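Got your viewer open and your mouse ready? Let's take a short walk through this model, one selection at a time.

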Amino acid sequence: MARAIPNSVEAPRLGLIAGRKAAKRAVDRNRAKRLVREVFRAGAAAFGPFDVTIQLRSDLRGQNNEAVRTELRGLLDSLGRRCKADRARTDNAAKRAADSGDAAAAGAVPHGHQ
């Protein structure tokens, strides 16, 4: 399972959840986290300023690394496209608000509320 929310850091960040329910052995949880980090680093540019959280849902013990990487790439590519669409939608709304002169909608902070 993967989720993403905008962050204020201007860079993608990764959070991993790998509980004992999903994989009993620590070595299996660590392998899953290592593979997720590897695939995330390779495609992090697609996310922009989003916090991405991935939760391990099943044990990867019976799957080889390449199959897991392929599945993760597909999951992260799909999530990256949704993040990009969300970012474009937000940017367009802010631009329209700025063009219309609506300072509050454009993200201006009133004096004293920084």
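Start with a hollow: by class, the residues lining the largest cavity are four nonpolar, two polar and one charged. Keep in mind that you're looking at a predicted model.

**Stop 1: the lining.** Select Met 1, Ala 2, Arg 3, Ile 17, Thr 53, Ile 54 and Gln 55, and you have the lining of the largest cavity on screen. Now colour strand 1 (2-6) and strand 3 (50-55), the elements that each give two or more residues to that lining. Which element gives the most? That's strand 3, with three residues.

**Stop 2: the space itself.** How much space lies in the largest cavity? About 40 Å³. And if you go looking for cavities of 30 Å³ or more, the structure holds one.

**Stop 3: Pro 49.** Next, click on Pro 49, which you'll find in the loop between helix 1 (26-43) and strand 3. Is Pro 49 buried or exposed? Its relative accessible area is 17%, and buried means under 20%, so Pro 49 counts as buried.

**Stop 4: the company Pro 49 keeps.** Leave aside the neighbours within four places in sequence, then show what else is in contact with Pro 49: Ile 5, Pro 6, Asn 7, Glu 10, Ala 11 and Arg 87.

**Last stop: a distance to try.** Add Arg 13 to your selection and draw a line from its C-alpha to that of Pro 49. The two residues are 36 apart in sequence, and the line spans 7.9 Å in space.

Note on methods:
Residues numbered from 1 in each chain as written. Predicted model: local features only at pLDDT ≥ 70, side-chain atom pairs only at ≥ 80, totals over all residues. Heavy atoms only, no water. 1 Å grid on protein atoms, 1.4 Å probe; cavity = no way out; pocket = protein on both sides within 12 Å on 5 of 7 lines; lining within 4 Å. Points joined across faces, edges and corners; volume = space filled by probe spheres on them. Helix = DSSP H or I, 4+ residues; strand = E, 2+ residues; numbered from the N terminus. Nonpolar A, V, L, I, M, F, W, Y, C, P; charged D, E, K, R; others polar. Buried < 20%, exposed > 50% of the residue type's maximum accessible area, 1.4 Å probe, protein only. Contact = heavy atoms within 4.5 Å.
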